[in-house]
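Work through these exercises with the structure open beside you. Each task is followed by a solution in steps.

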Amino acid sequence: MKRRELAKVMAATTAVPSVAAAAGPASATARAGRRDPLAFDPDDHTTLTATVVTGDGEKTVTYRFHRAVPYVAEPVDLTHQTLNVSVPVAVDGKPVDAGRAPILLSNAVGGYMPSSTAGATGISTNRPNPPLALAAGCVVVEPGARGRTLVDTDGTHYGVAPAAVVDLKAAVRYLRHNEGRIPGNTDRIVATGVSAGGALTALLGATGDSPRYEAHLRALGAADASDAVFAAAPYCPITDLEHADMAYEWNWGGNPLPGGAQADQALSRELRARFAEYQASLRLSGGNGFGRLTARNYDTYLVRTHLEPSATRYLTALADDERERYLAANPWIHWTGGRASFTWADFLAHVGTRKKNVPSFDALDLSTPENNLFGHGTTGARHFTLWSLRRATGDNRARLDADLHDTLDLMNPMPSLARGNPHRARHWFIRVGTKDTDTSLTVVGNLAAALEHLGDDVDASMYWDGGHGVNLDAPDFIDWIGRVCR
């Protein structure tokens, strides 16, 4: 649905006085008695029931479902720029008052593709977090967002970077603009997502209220409100893309491709050397007095800080006979005093094949999703690293397109954290699988280390033997929301 169709939708909107916390043009208009195009209608819903399997057994949840609510006044594509709101009213017949409950903002973006909730008939059940949050009494908001494959009739790629993060920021602003109209505590928004959705979640958490996005938001008619979130839970975030090729080769460069062949080791070594320069530039330190994180000691850091604790948790949870069988099948793991220990080299051998070839993100033939993500105008894919651009063209004087510097900054949480954004989320729940070769484990390692350096509350953990997108402790996440949101 494009802008002309939106005008018809908005013409039917009932005027609701604004009680939004953030004063601005939109709230001033509402106070003057005029129609507010971004006013949430609490009466426009259907009542549904869902059976949710929780740690305490099955629960029957009755909830109000608000479908396909536009969150910007001037959408580019209303199919993707709407959100669904699920409000619990009873659990197993017991009334629930969600008026000041935490709000779970759960995006479904994958591969930086378009995400739409407009056709949903109820809360999403293909991911564990939304229904569990609903059963725990949270308000669940599921926003759609534009994605990299969207192309207008004139050939313009209108879902490429930074469209998705701008849309999600607009969704947060919509919620805050409707404080008092929309159920839930808009000061307790917890963002979450997986893979590319995890990267966008990390961006929401790191870049709250950054003026760098303002022009993009203004063009959409986003609400004049804060886009900061209280907490962020990125799962296996595919982020820090301009440095992802070098990080991938540092981590997985020696692992074989599916089928057993090796990736081009000359290219791998070249990128690995560049990772050493990048890692040094971050000037990050590891927790527990580990010291400065470098390419030389990062393997030890990952093993001691994340991997051995992950293996220990996994093995401890097994029954004695299952643990014995696992250790017998994996003699490289030393189990002493109830703790696992091993070498980085043995861990890499255990993981086995790498998923992606070299370079993994900025492909020389422009074939990756990320090449498409950084398309522009009628150009569907571009190089976004100088290394790949010059390698692909053979021109050592080639330069990246002028707009890419700012676009890359808008798509990477690390620069905002390096600047110490005061409006960032202060509570983080970060997860990734130890066998996730979709990107380097250093991506999560650096994200967690940067947040810890800033003094934020960080719960970062790796799922032993988990692959990409796995979620093995969803009930713990729901408990975590309760703790940090009080």
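**Exercise 1. Look at strand E5 (residues 103-106) in this predicted model. Which residues lie on each of its faces, and are they buried or exposed?**

Step 1. Take one side: Ile-103 and Leu-105 lie there.
Step 2. Turn to the other side, which holds Leu-104 and Ser-106.
Step 3. These four residues are all buried, and both faces of E5 are covered.

**Exercise 2. Find the strands that pair with E5, and give the direction and the number of bridges.**

Step 1. Start with strand E6 (residues 139-143): 3 bridges join E5 to E6, and the two run parallel.
Step 2. Locate facing residues. Leu-104 stands opposite Val-140, and Leu-105 stands opposite Val-141.
Step 3. Go on to strand E7 (residues 189-194). It pairs with E5 in the parallel sense, over 4 bridges. Here Leu-105 stands opposite Ala-191.
Step 4. Trace the chain from E5 to E6. With helix H3 (residues 129-135), these strands make a β-α-β unit, and the unit is right-handed.

**Exercise 3. Why can E6 be called largely enclosed?**

Step 1. Recall the cut-off: buried means under 20% relative accessible area.
Step 2. Count the residues of E6 that are buried: 5 of the 5. The strand is therefore largely enclosed by the rest of the structure.
Step 3. Sort them by face. Val-139, Val-141 and Pro-143 are on one side; Val-140 and Glu-142 are on the other.
Step 4. Add a partner, strand E3 (residues 82-91). E3 and E6 run antiparallel and are joined by 4 bridges. Pro-143 is the bridge partner of Leu-83.

**Exercise 4. The whole structure holds 21 aromatic pairs. Describe the pair Trp-250 and Phe-275.**

Step 1. Note the geometry. The ring centres are 5.6 Å apart and the planes are at 35 degrees, so the pair is tilted.
Step 2. Place the rings. Trp-250 is in helix H7 (residues 244-252) and Phe-275 is in helix H8 (residues 265-282), so the pair ties together parts 25 residues apart in sequence.
Step 3. Check accessibility. Trp-250 counts as buried at 11%, and Phe-275 counts as buried at 1%.
Step 4. Widen the view. Both rings belong to one aromatic cluster, whose members include Phe-290, Tyr-298, Trp-332 and Trp-464.

**Exercise 5. Which arginines sit over phenylalanine rings, and at what distance from the ring centre?**

Step 1. Find Phe-230. The charged end of Arg-188 sits over its ring, 4.1 Å from the centre.
Step 2. Find Phe-429. Arg-431 lies over its face, at 3.7 Å from the ring centre.

Definitions and conventions: Residues numbered from 1 in each chain as written. Predicted model: local features only at pLDDT ≥ 70, side-chain atom pairs only at ≥ 80, totals over all residues. Heavy atoms only, no water. Phe/Tyr/Trp six-rings, centres within 6.5 Å; stacked < 30°, edge-to-face > 60°. Buried < 20%, exposed > 50% of the residue type's maximum accessible area, 1.4 Å probe, protein only. Lys NZ or Arg CZ within 6 Å of the ring centre and 35° of its normal. Pairing = 2+ DSSP bridges. Right-handed = clockwise from strand over helix to strand, strands pointing away.
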